[in-house]
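Work through the following exercises with the sequence and the structure side by side. Each task is followed by a solution that goes step by step.

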Amino acid sequence: AESLSDAEHRTRTGLDPESLRRAVRDHLFYFQGRHPATASVNDCYLAVAYAVRDRLFQHGVQSLDLLLHRPDARIVAYLSAEFLMGPQLAANLVNLGILDAMREAMTAFPHDLDRLIDHEEEPGLGNGGLGRLAACYLDSLATLEVPAIGYGIRYEFGIFNQQIRDGWQVELTDKWLHLGYPWEIARPERAVEVRFGGTTEGYTDADGRYRVRWNAAEIVMGVPHDTPILGYRVKTCNLLRLWRAEAVQSFDFASFNVGEYGRAVEQQVSTETISKVLYPNDASPQGKALRLKQQYFFVSCAIQDMLRSHIRFGGTPDTFHHRWAAQLNDTHPAVAVPELMRLLLDEHGLEWDAAWEVTQKTFGYTNHTLLPEALETWSVDLFGALLPRHLEIVYEINRRLVDGVRRVYPGDEGRVRRMSLIDESGRRSIRMAHLACAGSHAVNGVAALHTDLLKTQVLADWVAMRPDRFHNVTNGVTPRRFMVVSNPGLSGLITAAIGDGWPSRLEALRELERFADDPDFRARWRDVKRENKQRLAAAIEQRTGIVVYPDSLFDVQVKRIHEYKRQHLNVLHLLTLYRRLKADPSLDIVPRTVVFGGKAAPGYFIAKLMIKLVTAVGALVNDDPDVRGRLKVVFFPNFNVKVGQIIYPAADLSEQISTAGQEASGTGNMKFALNGAITIGTLDGANIEIRDEVGPENFFLFGLTADEVRLRKAAGYDPRAVYESNPVLRGVIDLIASGALSPDDPSRFRPLVDGLLWHDPFMVLADFQAYVDCQAQVDALWRDGEAWTRASILNVARMGKFSSDRSIRDYCERIWHVEPVRA
Ligand code: 9GP
């Protein structure tokens with residue numbers, strides 16, 4: 001066949017500016033009934049998005065076709081209650097390779113492409129790191145040409161929008177669908193039924209075998225909505241399939257006819273509540289019936305969908321695991337284990353042992369947290385009322401598990417109690433992490449330290465029984481979104497230096513090392529950072545009214561607000577600097593802009609008080625004439641993926657200061673370092689591996705280690721004694737306690753202060769002095785601009801390990817045993 005030139009090829013597939021212009025115009029005119037000359041920003045945005053989506057699905061249909069002809073290929077099903085996808089337009093244009101072509105195409109319309117990118121709202125279907133990780137993994141799976149589907153819930157309302165009023169967080173409903181979401185396609189013809197409640201009964205089937213039937217009390221429809229996920233510069237297009245709950249019968253005419261209008265829609269309202277709203281708790285589940293319903297709802301939809309497709313492609317139930325590798329993203333989807341068992345046993349007639357083998361070979365489980373309050377349990381009563389058949393299956397799994405433990409450890413009843421799927425202490429409840437371990441062939445943590453702690457502390461008994469099932473897969477992030485899309489300046493500079501292969505081969509960044517001592521390159525590196533800081537400064541002024549100076553050191557902590565993440569430690573340092581300036585206004589200090597961002601769970605009082613504390617410090621410091629602009633404190637509202645894309649590229653210093661042993665991995669730490677920020681951090685989560693990679697001389701380390709934290713607590717940690725013995729610490733704590741930061745309510749911050757003085761479970765006071773000293777080292781390096789730039793370049797050059805492509809390769813090789821399928 002004759003080969004097409006690049007230009008010809010692009011014209012035929014409609015990716016050149018002229019074809020794109022025509023496609024956008026046609027969508028505007030024929031699909032939306034708008035004249036290009038008078039189209040609004042949203043009209044134009046939708047038209048561009050549809051034109052892009054057409055091109056994604058063009059690949060998508062081909063990818064699906066490919067799978068049809070490869071019934072032997074294994075597909076990854078990533079089961080996750082959260083997918084925090086972020087804005088789609090720019091990322092899709094980058095992956096398609098048509099960002100510039102579309103920019104050119106849009107010159108013919110009243111709104112340019114950047115205006116449209118800026119206009120796009122993101123679907124906030126996740127709380128934080130866990131949901132964003134799922135989104136990065138989908139990008140990498142497609143880029144590595146691994147067939148995959150992300151299964152989750154299409155929440156009508158995502159994570160709340162955060163406003164700051166009078167310094168406090170206020171939560172507003174996130175109506176992300178209100179202007180239309182152009183990236184998805186609803187597939188009502190692929191709907192499945194999900195059942196709840198009722199009773200079970202035994203019966204004998206035609207072959208004389210004992211079977212169980214579930215007579216459910218309620219039936220709900222799950223309707224899939226598909227979003228195409230295109231890999232970077234490849235033809236593979238996977239799917240994110242999110243399920244929306246719909247009533248089987250949405251309108252009850254019997255009630256309507258007798259005049260009961262409210263009753264006529266009641267059933268619909270109650271059913272559709274299932275996919276109504278995302279629970280806004282990060283790492284602290286609430287044992288609410290609706291949440292269990294959500295979990296079972298999407299998991300049942302997913303497993304039924306997978307079984308249906310397996311059988312349609314000619315498979316049989318006993319070979320399900322040949323086709324599917326399913327990953328449980330935390331315990332939220334762990335009810336998939338008894339659900340697959342139920343379908344194989346009750347609907348497809350497999351015997352227990354065969355069904356159990358298929359189930360274990362299908363699932364892998366990733367643990368994302370050690371926080372005891374975050375390890376999910378469900379009360380047996382609630383579980384049994386909603387899922388009576390599944391409770392029976394869980395009991396049978398447990399009976400066999402406990403028998404096994406007794407065989408290996410005769411007489412060790414303590415171990416039996418610890419490992420049981422049922423926690424019998426107090427109100428009986430099901431330990432979902434144990435269920436996930438029992439039903440999986442592989443269990444992994446998300447950073448080396450986290451996996452170690454998981455193996456030695458939380459799941460030690462499981463490791464003793466099945467050591468070869470435990471793995472570590474260190475998290476990663478996608479460099480396409482977090483570098484190419486969000487930091488075009490830096491990306492362009494890197495590409496000019498080392499070529500354009502790095503976004504899909506991130507280890508190639510290593511070649512930047514040889515530019516670290518090039519004064520010219522350093523100057524350009526600084527120019528890029530400065531431009532990014534100007535952009536952030538403008539956004540800060542627009543969102544908060546606070547004026548900040550791009551020449552100051554941008555010191556940034558953005559992540560969920562949580563005591564273990566220690567935003568208050570950062571505040572203590574701020575107040576230390578402030579008090580120094582007050583004592584000597586002529587002091588020569590490094591000017592800093594300290595930026596905070598992140599949401600607090602609405603019911604987490606102390607976290608919300610921490611936000612108020614940050615804004616109160618801002619009010620005290622920002623306009624103080626003694627400070628003269630050398631210290632600025634900003635709380636950037638409504639931190640989400642879109643805001644992150646402005647913030648990460650502009651940061652000089654990345655705050656990763658959790659108490660050692662608490663942050664499973666962190667992924668913000670990676671996004672900052674990939675954008676040239678230097679980390680100040682503890683030996684926690686992936687910080688440890690980041691430091692190993694970038695070199696200890698390019699990382700500001702402080703604080704107790706996880707072991708030291710444990711020992712210190714065991715020895716009887718007394719925060720009060722630390723306070724008494726450190727006059728600087730005493731000064732700042734007393735300042736907060738004095739009411740100077742809250743004249744309208746002098747005791748406002750008392751709960752925070754008392755928590756630190758009398759309990760301090762996260763060792764804030766114990767790490768205070770080390771943190772302040774370490775910040776002095778930050779200042780010293782900052783004063784040497786050349787040395788700082790060098791360290792910044794070396795950080796980026798050595799971060800290749802933290803591409804989510806590497807993480808996904810690890811999962812593919814060690815856990816899923818899947819291969820790419822190439823067009
Ligand atoms: O808290 C962890 C965070 O450290 C990690 O980076 C992220 C992705 O693995 O998961 C978070 N865990 C949760 O949100 C709930 O387990």
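**Exercise 1.** Locate E145 between its flanking elements, and decide whether E145 is buried, partly exposed or exposed.

*Solution.* Begin with the place in the chain: E145 sits in the loop that links helix 7 (129–143) with strand 2 (148–153), where helices (H or I, at least four residues) and strands (E, at least two) are DSSP runs numbered from the N terminus. The model is a predicted one, in which local features need pLDDT of at least 70 and side-chain atom pairs count only at pLDDT 80 or more, whereas totals for chains, interfaces and linings use all residues. Residues are numbered from 1 along each chain as its sequence is written. Next, take the backbone: E145 is not a glycine, yet its phi is positive, at about 60°. Finally, count neighbours: a residue is buried if 20 or more other C-beta atoms, placed from the backbone, lie within 10 Å of its own, exposed if 12 or fewer, and partly exposed in between. E145 has 19 C-beta neighbours inside 10 Å and therefore counts as partly exposed.

**Exercise 2.** Carry out the analysis of phi, place and burial for D330.

*Solution.* D330, which is not a glycine, has a positive phi of about 70°. Its place is the loop between strand 11 (324–329) and helix 12 (336–347). D330 counts as buried because 27 C-beta neighbours lie inside 10 Å.

**Exercise 3.** Describe the surroundings of K671, starting from what the UniProt record lists there.

*Solution.* The unreviewed UniProt entry lists K671 under "modified residue: N6-(pyridoxal phosphate)lysine"; UniProt positions are given in the numbering used here, feature names are shortened, and annotations may be inferred rather than shown by experiment. In the model, K671 belongs to helix 26 (residues 668–674). Since K671 has 30 C-beta neighbours inside 10 Å, it counts as buried. If residues up to four places away in sequence are left out, K671 is in contact (C-beta atoms, placed from the backbone, within 7 Å) with V477, F482, G644 and Y648.

**Exercise 4.** Which domains give residues to the shell around the ligand, and how do the residues of this shell divide by type?

*Solution.* First, set out the division of the chain: domain 1 (18–69 + 89–120), domain 2 (70–87 + 122–475 + 809–816) and domain 3 (485–802), with bounds that come from an automatic or database domain assignment. The ligand is surrounded by 18 residues, the closest being G129, L130, H368, T369 and S665, where a residue is near if its C-beta atom, placed from the backbone, lies within 6 Å. Domain 2 and domain 3 both contribute to this shell, so the ligand lies between them. By type, the shell holds six nonpolar, nine polar and three charged residues; Ala, Val, Leu, Ile, Met, Phe, Trp, Tyr, Cys and Pro count as nonpolar, Asp, Glu, Lys and Arg as charged, and the others, Gly among them, as polar.

**Exercise 5.** Establish how helix 4 is covered, and by which elements.

*Solution.* Helix 4 (residues 89–96) is mostly covered, with seven of its eight residues buried. These buried residues are L89, A90, A91, N92, L93, V94 and N95. Their cover includes helix 3 (41–68), helix 5 (99–105), helix 6 (113–119), strand 9 (218–230) and helix 20 (479–485). Just after helix 4, G97 takes a positive phi of about 80°.

Technical notes. Two residues are in contact if their C-beta atoms, placed from the backbone, lie within 7 Å.
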